[in-house]
Amino acid sequence: MRSRLIRSAACVLLLLAAASPLLAEEPAAAGAFQLDRCELIPLPDHQVDFQIDGVQRTRWHYDAKYPRPFFYPLVGPSGTSLTRMGHPGAADHDHHRSVWFAHHDVDGFTFWADGKGTSIRQKNWYAYEDGNDESVMASTCGWFDPEGNELMQQDLVAALIPGEAGQYALELQAEFKPGEGRDSVQLGKTNFGFLAVRVAKTISTHFGGGRLTNSEGGEGEPEIFGKPARWVDYSGPVAVGSGPDRTTQIEGITFFDHPENPRYPTHWHVRADGWMGASFGMHEAFEITSEKPLRLRYLLLVHAGPYDEQVATAAHKQFAARKGFEVSKGKRAHRQFSALRIP
């Protein structure tokens, strides 16, 4: 009996000894893991959170209860959203949802206003790429007429790029092509489309204490509306804190057009009530064909402090030099698709 106990104890010691190298390796394996600074977190109700260092910077909303997807909020360095949902004084502008893509005339149908029977629907996501330098989301959306026919398809890539002291950039690449089974789609002449931004009430020049400027030295709606420019900036005060400690800080958004975009520099549709949009079709219609899709690239730079022309010039130069994105079949394990910078 005693010998059997000794043999059993010896077996246990041998097993522990054999297991000890594996146990010793576990902390090393855990230590090898590194958190990505920039992360994409899919959430319930068709949302994707864009985070830097675990802090939300924006969120993608694509639930079918909305006529079209949008980004909200666009959080400034202070932690306050620099964008809002809807117009501060006009209920018929509730289609102004923070940051969104839309167009007033696609084959004669409007995708700008609500209640017209048209819809933009995310059909699929291709990739969520986390990283230290940026996070990248790639998805595809269909633009459907009231009968459910897909007039146009939009492949969207959104990259969140961290900066210093809570500042960052949201880079957007949209490629438009005719819908399934179609050879072409016509974009009509219109001020409305494609990418628009509704800023927070306090940032607007009419409702708040904001300042609207552009790359060419223009200031205010009369000097900027309808004029070509490389970028437009909306900056102003935002509320920070609560109770007796509540105060304001100046923050803003610089909206850049990319030099490779057709019709660069774009004309701008801006308003003192607090919105700015890159107006691709302001002066002329445009035809998209299956052989010649339309690719547009934009950048939203979220910054602390008032508009700084030197900072904007440097950011534009960097944006112009950066390559866009390519979405392709995945070659890495457990990834159906990849969304990576073009080498």
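Is aspartate 45 buried or exposed? Select it and have a look: at 53% relative accessibility, aspartate 45 counts as exposed. Bear in mind that this is a predicted model. Aspartate 45 sits in the loop between strand S1 (38-43) and strand S2 (47-52), and its phi is near 65°, a positive value in a residue other than glycine.

Now hop to aspartate 53, in the loop between S2 and strand S3 (55-61). Here phi is positive too, about 55°, and the residue is partly exposed, with a relative accessible area of 48%.

Next up, the cis peptides. Pick tyrosine 72 and proline 73: the bond joining them is cis, with omega about -5°, and proline 73 belongs to strand S4 (residues 70-74). Then go to glycine 193 and phenylalanine 194, where the peptide bond is cis with omega near 15°. Phenylalanine 194 is part of strand S11 (residues 193-198).

Keep Phe194 selected and add Phe50, Met152, Phe176, Phe255 and Met276: these have the most contacts inside the largest nonpolar core, which has 58 residues. Zoom in on methionine 276, whose contacts include Leu195, Val232, Ile253 and His269. Another core, of 10 residues, lies apart from it, with Trp231, Leu301, Ala312 and Phe319 among them.

Switch to cartoon for the sheet. Its 8 strands run in the order S6-S7-S8-S9-S18-S14-S13-S12, open and antiparallel. Strands S6 (119-129) and S12 (211-214) are the edges. Between S9 (residues 168-178) and S18 (residues 294-304) there are 9 bridges; tyrosine 168 partners valine 302 in S18.

Last stop: helix H3 (residues 309-321) lies across S9, S13, S14 and S18, at about 40° to S14.

Methods
Residues numbered from 1 in each chain as written. Predicted model: local features only at pLDDT ≥ 70, side-chain atom pairs only at ≥ 80, totals over all residues. Heavy atoms only, no water. Pairing = 2+ DSSP bridges. Helix = DSSP H or I, 4+ residues; strand = E, 2+ residues; numbered from the N terminus. Contact = heavy atoms within 4.5 Å. Axes fitted to C-alpha atoms, helices over the stretch in contact; angles between N-to-C directions. Core = buried A, V, L, I, M, F, W, Y, C linked by side-chain atoms within 4.5 Å. Buried < 20%, exposed > 50% of the residue type's maximum accessible area, 1.4 Å probe, protein only. Lists of a residue's contacts leave out its neighbours within four places in sequence.
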